[in-house]
Amino acid sequence: MTSNSFAMAMSDPSLQRKLGTICIFGTGDFGRSLGMRLLQAGYGVVFGSRNPKNSSLLPKGAQVLTHKEAAQTSMIIFVAVHRENYDFLRQAGGDLTGKVLVDVSNNLKRNQYPESNAEHLNHLFPAASVVKAFNTVSAWALQSGGLDANRQVLICGDNDEAKQMVVDIAHGLGLTALDKGSLRAAGEIEDYPLQLFPLWRLPVAVATGLIAAFFFYVLTRNVIYTAVTDGKDISFRIMVSLANKVFPIVSLIMLGLCYLPGVMAGFLQLYNGTKYRRFPDWLDKWMLCRKQLGLVALALASLHVLYTLIIPFRYYVRYRVNTWVILQIKENKTEPFDNTLAWRTDSYFSIGILGYGLYILLGITSLPSVSNAINWREFRFVQSKLGHLTLFLCTLHTFLYGWDKFLRPYKWYLPPAYMLALVVPCIVLVLKFVLITPCVDRAITRIRQGWERKPAESMANGDPKSKRPLML
């Protein structure tokens with residue numbers, strides 16, 4: 001629909017008086033919920049139905065007419081039907097000319113059709129202004145008033161005036177509107193409700209793989225080894241002891257994986273001598289899911305804290321403590337106080353508490369409601385500076401846990417699992433230390449400010465500026 005025809009339709013006084021009435025084609029769950037919400041917001045609502053007499057489920061206060069009759073009552077028509085049922089709209093025919101058709105439909109799977117539903121609707125009725133909106137808002141969100149569900153309405157369309165009318169309706173319902181551009185964006189908007197945690201798939205897959213691998217590793221090194229060499233059954237330790245080994249190990253590795261792509265990107269920029277060269281696709285995808293990697297790591301660290309809190313209540317622990325006390329009494333001796341061990345254990349717990357506290361802070365600042373309330377410098381300070389400090393504290397916590405265990409004989413030549421957990425964090429910390437040294441940091445700062453190192457052929461051509469060495 002052209003801007004001139006839309007302006008002529010809007011200049012009709014009879015239509016202007018009817019802007020307070022909204023027409024809805026479709027009496028399903030979404031149509032009924034939308035109608036109820038519009039009525040609560042003070043709009044008049046007219047439903048277009050194939051069977052106007054069957055209206056017992058519709059909200060009170062709404063009118064029910066045939067599609068042709070309902071189309072004549074409002075400038076804005078919400079098309080709350082599936083794409084397969086668009087043909088009935090031909091009955092309204094000319095009554096849709098100059099109207100705003102709001103397509104709220106979704107598909108069952110991605111790329112189900114060669115073109116989006118909204119674009120298809122626009123081809124069917126070129127004299128109308130089609131706007132894609134409200135498909136990302138569920139019927140439940142409309143019923144609950146958006147208090148405990150998604151409140152964002154994604155909108156796209158080729159006519160700015162038509163989009164603004166839909167934006168005003170969204171605001172009138174207490175929802176937020178985000179303009180995604182022209183109708184070409186409708187396909188992306190229609191795919192949005194079909195996504196199932198797209199940025200969480202890689203972190204969850206990595207965490208699941210690491211948990212499975214380390215569980216089998218500690219199971220072999222502890223339970224199976226003891227059963228084979230000593231003939232003892234300690235399989236009961238699987239439920240708590242082994243879980244409390246695996247979760248912190250995977251949490252530390254995941255935290256290291258959260259910061260590893262950042263330092264890799266820094267070295268790539270240093271190597272390329274420019275910030276304008278794209279990172280490899282795998283590194284781009286890795287960096288996009290850093291937030292999810294960190295949140296999965298925080299969840300595993302929280303499980304470690306909970307498992308640690310229940311240790312004093314375990315039957316196995318109380319049995320060992322009682323046995324040790326009784327043995328001291330029988331032998332009439334007292335274990336001397338070990339000042340080094342006291343320092344080690346207190347430091348181990350203290351560093352762990354500090355690390356987990358910063359862990360929580362990182363998780364809180366990753367929430368949109370919190371990150372939107374702070375500026376970029378503050379966000380970067382927390383997520384980068386305090387994030388690497390968190391990784392350092394958690395790594396130190398693990399070193400204090402292991403202490404001198406790496407000097408003890410290995411079971412079946414398998415090193416303690418905590419030693420494997422330290423590989424990724426130590427690599428990240430060493431690389432980060434290199435990056436923050438003054439000479440390297442100065443070079444990376446220049447590159448990120450737009451400085452570029454000239455290619456080798458420029459030096460061969462005698463460019464004096466290109467002969468200046470990179471200041472490291």
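**Salt bridges, ring pairs and a charged patch**

D284 is partly exposed, with a relative accessible area of 24%. Its partner is R278, and the two form a salt bridge with the closest N and O atoms 3.2 Å apart. R278 counts as exposed, at 65% relative accessibility. This is a predicted model, and the values below are computed from it.

How many salt bridges does a search of the whole structure find? The count is 11. D29 and R32 make one of them, with the closest N and O atoms 2.6 Å apart. Both residues sit in helix α3, which spans residues 29-40. They are 3 residues apart, so about one helical turn separates them. D29 is exposed, with a relative accessible area of 53%. R32 counts as partly exposed, at 21%. The cut-off matters here, because a residue is called buried under 20% relative accessible area.

Next come D179 and K163. Their side chains meet in a salt bridge of 3.1 Å, N to O. D179 lies in strand β8 (residues 176-179) and K163 in helix α7 (residues 160-172), so this pair ties together parts that are 16 residues apart in sequence. Is K163 buried or exposed? K163 is buried, with a relative accessible area of 6%. D179 counts as partly exposed, at 47% relative accessibility. The salt bridge therefore joins a buried lysine to a partly exposed aspartate.

Salt bridges can also be linked to one another. D103, K132 and E190 are connected in a network of salt bridges.

Now turn to the aromatic rings. A pair of rings is described by the distance of the centres and the angle of the planes. The count of aromatic pairs in this model comes to 11. F78 and F134 form an edge-to-face pair, 5.4 Å centre to centre with 80° between the planes. F78 lies in strand β4, while F134 lies in the loop between β6 and α6. The pair therefore ties together parts that are 56 residues apart in sequence. Both F78 and F134 are buried.

A second pair joins two helices. The ring centres of Y401 and Y418 are 5.9 Å apart and their planes stand at 85°, so this pair is edge-to-face. Y401 belongs to helix α16 and Y418 to helix α17, so the contact ties together parts that are 17 residues apart in sequence. Y401 is partly exposed, with a relative accessible area of 27%. Y418 is buried, at 7%. Which residues form one aromatic cluster with Y401 and Y418? The others are Y348 and F349.

Return to F134, this time for its backbone. Most residues other than glycine have a negative phi. F134 has a positive phi of about 65°, although it is not a glycine. The loop that holds F134 runs between β6 (129-132) and α6 (139-144). The relative accessible area of F134 is 0%. So a buried residue carries this positive phi.

Y413 also has a positive phi, near 60°, and it too is a residue other than glycine. Where does Y413 lie? Y413 is in the loop between α16 and α17 (417-421). Its setting is exposed, at 77% relative accessibility.

Another loop brings in T97, which lies between β4 (76-79) and β5 (100-103). T97 and P126 are 29 residues apart in sequence. In space they are 8.3 Å apart, C-alpha to C-alpha. T97 counts as partly exposed, at 48% relative accessibility.

Finally, look at the surface. R377, R380, K385 and R448 gather there in a patch of positive charge. Which helix gives the most to this positive patch? Helix α16 (residues 376-402) does, with 3 residues. R377 is found in helix α16. R377 is exposed, with a relative accessible area of 72%. Helix α16 thus appears in two parts of this tour: it gives residues to the positive patch, and it holds Y401 of the edge-to-face pair.

Conventions: Residues are numbered from 1 along each chain as its sequence is written. This is a predicted model: local features need pLDDT of at least 70, side-chain atom pairs count only at pLDDT 80 or more; totals for chains, interfaces and linings use all residues. Side-chain values use heavy atoms; hydrogens and water are left out. Patches are made of residues with over 30% relative accessible area and no salt bridge: like charges are joined within 9 Å, nonpolar side chains (Val, Leu, Ile, Met, Phe, Trp, Tyr) within 5 Å. Accessible areas come from the Shrake-Rupley method with a 1.4 Å probe; for residues, only the protein chains shown count as cover. A salt bridge is a side-chain nitrogen of Lys or Arg within 4 Å of a carboxyl oxygen of Asp or Glu. Lys and Arg count as positive and Asp and Glu as negative; His and the chain ends are not counted. The place of a charge is taken as NZ of Lys, CZ of Arg, CG of Asp or CD of Glu. Helices (H or I, at least four residues) and strands (E, at least two) are DSSP runs, numbered from the N terminus. Buried means under 20% relative accessible area, exposed over 50%, partly exposed in between (1.4 Å probe, protein chains only). Rings of Phe, Tyr and Trp (its six-membered ring) pair if their centres lie within 6.5 Å; planes under 30 degrees apart count as stacked, over 60 as edge-to-face and the rest as tilted.
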